[in-house]
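Colleague: I'd like a close look at one part of this model, the surroundings of the ligand. Take your time and tell me what sits there and what lies behind it.

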Amino acid sequence: MDTGIHLRKIKSFVRRAGRTRESQQHALLTYAPLFKIPFTPEPCDFSTVFGNANPLIVEIGFGMGQSLLAQAMANPEKNYLGIEVHQAGMGCLLAGIHTHALSNLRLMDHDAVEILKLMITDASLSGVQIYFPDPWPKKRHHKRRLIQTEFIALLTQKLTVGGFIHAATDWQDYATQMLMVLTETPGLSNQALDGTYIQRPIDRPLTKFEQRGLDLGHGIWDVKFKKQAFTTPNKETLASFEETTTNHH
Ligand SMILES: C[S@@+](CC[C@H](N)C(=O)[O-])C[C@H]1O[C@@H](n2cnc3c(N)ncnc32)[C@H](O)[C@@H]1O
C-alpha cells in the first residue's frame, strides 16, 4: 500500500514460523477480534478504543507478555498498548487479557515503527517501554537494532511533556548505544542523577529475556528519559530571541 510516507525497509525483527500451542491458537482465533486493534495507516483515537482518556503507555516487543499483563493488572488507571509480531506471545497475552477481563490492555500485531509513524498522534503517549529488544549482536546486523537516533526522535515526538521512554537490555554494548542515542536526542532528560543508568525499578516485572540474560550471567541495564517542557533552542530561535531582546533596549 502506498501511504505516501517513507517507511523504513530494514526491520528490527524477523517473523518466524515458530510453533504455537493449541491454547495460543485458540486465543488467536477467539480473542483477537476482541482485544487486537487492526493496523490501518491512519491515526487511531485511543480514547474511543479504551472508552476513556487515561494515560496511554506503549510497550514495543512484549514477547510472551507476562510482564505487560502484570503491569496492566497493577495499574488499572493507565491504558496499555502492546505491540508484538511473535504469534505465540500474542496468543498467550490475548488469553491473559481474557482470563483477567482487562479493559486497559489492547494489542497490535504489526511493525511498531509503522504503527508509531502512522497510527499514533504526536504528543499523545505518556510512556514507551522497550524491554530487552533484540540485541542483533553481530556488527553487520546493528542496523536492525530498534534503538537508533531516528526512531528515538520519532518516539519523542509522540510523547506528551513529562512522558517517558524506558528501555532495558542485558547486552552491554547495546546499553551503551541506548544511553548515547537517548542522551543526544533533543528534548529528553535522563532520569538517572548521574546521567547514566537508573536502578532497575522494582515495579518493572521480570521478563522472559531478562531471566535468560541473568541465567547467562549477563548484567542488566535500565535507561529512563523524560520529555522536557522546553527543548534546547536551536540557532534560529536563539538568533530571533537575541534580536527581540536587543530591540527592547
Ligand atoms: C528479545 S524479544 C524480548 C521480549 C520481551 N520484551 C522480553 O523481555 O522477554 C524482542 C521482541 O521484540 C519484537 N519486536 C522487535 N522489533 C519489533 C517491531 N519493530 N515491532 C513489533 N515487535 C518487534 C520481537 O518480535 C521479539 O519478540
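How do the residues of the shell around the ligand divide into nonpolar, polar and charged?

Modeller: The split is 12 nonpolar, 5 polar and 5 charged. In that count Ala, Val, Leu, Ile, Met, Phe, Trp, Tyr, Cys and Pro are nonpolar, Asp, Glu, Lys and Arg are charged, and the others, Gly among them, are polar. Before going on: this is a predicted model, where local features need pLDDT of at least 70, side-chain atom pairs count only at pLDDT 80 or more, and totals for chains, interfaces and linings use all residues. Residues are numbered from 1 along each chain as its sequence is written.

The shell has 22 residues, and those that come nearest are Gly 61, Gly 63, Ala 112, Phe 132 and Thr 207. Here a residue is near the ligand if its C-beta atom, placed from the backbone, lies within 6 Å of it. Helix 5 (112–118) and helix 8 (208–215) each give the shell at least two residues, and helix 8 gives the most, with 3. Helices here are DSSP runs of H or I with at least four residues, strands are runs of E with at least two, and both are numbered from the N terminus.

Let's stay with Phe 132 for a moment. You'll find Phe 132 in the loop between strand 4 and helix 6 (149–158). Phe 132 counts as buried because it has 22 other C-beta atoms within 10 Å; the cut-offs are 20 or more for buried, 12 or fewer for exposed, and partly exposed in between, with C-beta atoms placed from the backbone. The backbone is worth a look too: Phe 132 has a positive phi of about 55° without being a glycine. Most residues other than glycine have a negative phi. Ala 123 also has a positive phi, about 50°, and is not a glycine either. Ala 123 is in the loop between helix 5 and strand 4, and with 13 other C-beta atoms within 10 Å it is partly exposed.

Now move to Met 64, which sits in the loop between strand 1 (56–60) and helix 3 (66–74). Met 64 is buried, because 20 other C-beta atoms lie within 10 Å. Leaving out residues up to four places away in sequence, Met 64 touches Gly 89, Cys 92 and Lys 208, where touching means C-beta atoms, placed from the backbone, within 7 Å. Met 90 is 26 residues away from Met 64 in sequence, but the two are 7.0 Å apart in space, C-alpha to C-alpha.

After that loop comes helix 3. Its buried residues are Ser 67, Leu 68, Leu 69, Gln 71 and Ala 72, and their cover includes strand 1, strand 2, helix 4, strand 3 and strand 4 (125–131). Strand 3 is itself covered on both faces: Leu 105 and Leu 107 are buried on one side, Arg 106 and Met 108 on the other. In a regular strand the side chains alternate between the two faces of the sheet. Strand 3 pairs with strand 2 (residues 79–83) in the parallel sense over 4 bridges, pairing meaning that DSSP finds at least two bridges. In one of these, Leu 81 has Arg 106 as its partner.

For the wider setting, the chain has 9 helices and 7 strands, and 35% of its 249 residues are buried.

Methods
Two residues are in contact if their C-beta atoms, placed from the backbone, lie within 7 Å.
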